[in-house]
Amino acid sequence: MVQAVYFSTGSMKQEEWNHYGLALDKYTHFTSPIRRYADVLVHRLLLAAVSLTMSDWWGGGEVQDKATANLMVNTELQELCTHINTRNRAAQRAQRDSQVLFQTLYFKDRPLSDPRCVVDAVIFSLRENGFLVYIPQYALKGPVYLESKDKEVLYCGRLGPTWQVGIVTKKEMFVKVETIEGTNMYRRFDHVTVGIQLKGSEAHAHVLSFTLLDNQEGSVNFLREARMEQKEESSEEEEMVEEVERRRKKPKINAYEFFEQMRKIGVRPLDSDL
């Protein structure tokens, strides 16, 4: 499927104007209030078209002449459309790179034993040497490999995931791992447990790597447990801070009550009991 782009109708054949995402042969779009430069172009074209089709008794032909002068030729429009498409793709790349940057910073220096690195995942695509998963907790997508470069396969048995001698077979509906100990089957929309680790070096870009930990969904939501643990720790710290602040605070003296007591002491007879 081709990505939707801006173009000038004079630069493409009419049968190429349609797009799979819309049930219209001819269309354009703009927002109000204006957010993109493409919206500015559409507004200008619409205003010029309206001015050309209406007769202005007061302005005579000046209004239409001005509208005709404001219309850009096809070459100018296509150059602007190409520039807009280029900047749009650059903005999308910047957004993806920023997301990857902060994701890698989040998982930096976190061992696989960290509960935040052990999550549930859903298989959404099958490959010859594994499958692709989606992790709802972090909105991440990535590959999980069932076959190593040494042609060993990852089998999940009683002792957990282990690399063994075996074969990986991909069919249309499933991926199968066969070893001496047994067989694992993986289908689309199956839930598995994966571990997230940051791999790379200072010379190469760091990337997130997904490792299969169990061939079924974990019975414990590790992310929720980690968040609960953080919440408990933060609540304990808040209680300690409140206790320290309470001890530091001295009882406030009411000035009125203080001087009222001094006045009573001053007017009390000397022979009265104190």
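**Salt bridges, pocket and cavity, and a nonpolar surface patch**

In this predicted model, Arg110 and Asp114 are paired in a salt bridge whose closest N and O atoms lie 3.3 Å apart. The two partners differ in exposure class: Arg110 has a relative accessible area of 24% and is therefore partly exposed, whereas Asp114, at 12% relative accessibility, counts as buried. The assignment for Asp114 follows because buried denotes a relative accessible area under 20%. Asp114 also meets the side chain of Arg116 in a salt bridge, with an N to O distance of 3.0 Å. Both Arg116 and Asp114 are buried.

A further salt bridge links the side chains of Lys176 and Glu178, at 3.9 Å from N to O. Lys176 is partly exposed, with 21% relative accessibility, and Glu178 is likewise partly exposed, with a relative accessible area of 27%. Through shared partners, salt bridges join Arg110, Asp114 and Arg116 into one network. The total number of salt bridges in the model is 4. In general terms, side chains of opposite charge can pair when their charged atoms come close.

The analysis of internal and open space identified a largest pocket containing about 870 Å³. Its lining comprises 28 residues, and those nearest the pocket centre are Val5, Tyr6, Phe7, Tyr27 and Thr28. The elements contributing two or more residues to this lining are α1 (37–53) and α3. Of the elements, α1 gives the most, with 5 residues. By residue class, the lining of the largest pocket consists of 17 nonpolar, 8 polar and 3 charged residues.

A search of the whole structure for cavities of 30 Å³ or more returned 1. The largest cavity encloses about 30 Å³ of space. Gln3, Ala4, Val5, Asn85, Asn88 and Arg89 form its lining, which divides into 2 nonpolar, 3 polar and 1 charged residues. Val5 thus appears both in the lining of this cavity and among the residues nearest the centre of the largest pocket.

At the surface, Leu101, Phe102 and Leu105 make up a nonpolar patch of about 320 Å². Leu101 belongs to helix α3, which spans residues 74–107. With a relative accessibility of 46%, Leu101 is classed as partly exposed. This value satisfies the requirement for patch membership, because patches are made of residues with over 30% relative accessible area and no salt bridge. Helix α3 accordingly carries Leu101 of the surface patch and also contributes to the lining of the largest pocket.

Key. Residues are numbered from 1 along each chain as its sequence is written. This is a predicted model: local features need pLDDT of at least 70, side-chain atom pairs count only at pLDDT 80 or more; totals for chains, interfaces and linings use all residues. Side-chain values use heavy atoms; hydrogens and water are left out. Patches are made of residues with over 30% relative accessible area and no salt bridge: like charges are joined within 9 Å, nonpolar side chains (Val, Leu, Ile, Met, Phe, Trp, Tyr) within 5 Å. Accessible areas come from the Shrake-Rupley method with a 1.4 Å probe; for residues, only the protein chains shown count as cover. Helices (H or I, at least four residues) and strands (E, at least two) are DSSP runs, numbered from the N terminus. Buried means under 20% relative accessible area, exposed over 50%, partly exposed in between (1.4 Å probe, protein chains only). On a 1 Å grid over the protein atoms alone, a cavity is a set of points where a 1.4 Å probe fits but cannot get out, and a pocket is an open set with protein on both sides within 12 Å along at least five of seven lines; lining residues have an atom within 4 Å of a point. Grid points are joined across faces, edges and corners, and a volume is the space filled by probe spheres set on the points. Ala, Val, Leu, Ile, Met, Phe, Trp, Tyr, Cys and Pro count as nonpolar, Asp, Glu, Lys and Arg as charged, and the others, Gly among them, as polar.
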